[in-house]
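Visitor: Could you walk me through this one and explain the labels as we go?
Guide: Sure, let's have a look together.

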Amino acid sequence: MKLTNSTESIPIIDIASRDIARIGAALDRACCEFGFFYVTGHSISPALSARMMTLAREFFASPLNEKMTIAMAHGGRAWRGYFQVDGELTSGRPDRKEGIYFGIELGPDDPRVRAGLPLHGGNLFPAMPGFRDTVLAYIDEVTAVGQMLLRGIAVGLGLTPDYFLDRYTSDPTVLFRIFNYPPSTADADENELGVGEHTDYGLLTLLQQDEVGGLQVWHRDRWLPAPPVPDSFVCNIGDMLERLTAGRYVSALHRVRNVSTRDRISMPLFLDPSFDAVLEPINVLAPDPTAIDRRRGGRRWDGSDLATVSGTYGDYLLNKVSKVFPQLRAKVL
């Protein structure tokens, strides 16, 4: 198990040993200081990852009218499907990316679907051979890695390995996104090159990115690059885990700037608590508040207070997601 020692780069954690104590200690250090880390040694087949990436490129290269056959407007309360460039908001501003939303596949007879629970249901898949099977296999494989990382995070916090599984993720909310960032244009300003600065709102994000790069993480007083690392996932914790740990773990600002002349593919999977999970703070030693400010450089992008947790994760999630696609809010909520 290897953790980079540099204070100026995002740590790389090799989890091939499955030594939960050592992995947990490395994760704790990374989450306290950066809120970001790379994971290698995860055992996901490179062939599966490559197949998913190839299918993503083929889909985004198809004509717009074909992509629009699975537009999010057709996804109903499940909130799945395709959106065009500028169709998603970050901090109230349109992102310069297009994408597809997927989640755990639920049939029409599932009680949650029959009850009309938002963000639950079936996916909209492109009419491309193998796309459906590849997406569902990929979601299962990456979710399993995420569950293992949550075991390590629990141990790093001095908790039992199954702390998150028992309380939050036995029936997790899993949201899988595939994004395409078009090449930069000569007249694009910094905020139009991909996604503006933001934090994720859940527990844990596992991202596979292609070789183009462009992800940046705010640490202390500057943007650190998070370049592609072969056969890795770049992971980060979200606001919910910062809330649960009372600020011990930092939900770091990040952004995407595709300054290349190529399209950039990004595939994040968000592993979050079950919809009905009741949120309760974890009794861990939190850092001095001034230490949190130093890690962020005094910045919190939305000015929100992360000091308290209450209610269910579903209520929290719907409040967040409704701001991303305001045009769908009336249909889903």
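Visitor: Why is aspartate 133 called exposed?
Guide: Its relative accessibility is 55%, and exposed means over 50%, buried under 20% and partly exposed in between, with a 1.4 Å probe and protein chains only. So aspartate 133 counts as exposed. By the way, this is a predicted model, where local features need pLDDT of at least 70, side-chain atom pairs count only at pLDDT 80 or more, and totals for chains, interfaces and linings use all residues. Residues are numbered from 1 along each chain as its sequence is written, and side-chain values use heavy atoms, leaving out hydrogens and water.

Visitor: What makes arginine 132 and aspartate 133 a salt bridge?
Guide: The rule asks for a side-chain nitrogen of Lys or Arg within 4 Å of a carboxyl oxygen of Asp or Glu. Here the closest N and O atoms are 3.9 Å apart, so the pair fits the rule. Arginine 132 itself is partly exposed, at 39%.

Visitor: How many salt bridges does that rule give?
Guide: The count comes to 11. One of them joins glutamate 98 and lysine 67, at 3.0 Å from N to O.

Visitor: What does the pair of glutamate 98 and lysine 67 tie together?
Guide: Glutamate 98 sits in strand S6 (residues 98-103) and lysine 67 in helix H3 (residues 64-67), so the bridge ties together parts 31 residues apart in sequence. Helices (H or I, at least four residues) and strands (E, at least two) are DSSP runs, numbered from the N terminus.

Visitor: How do you know that glutamate 98 is buried?
Guide: Its relative accessibility is 6%, so glutamate 98 counts as buried.
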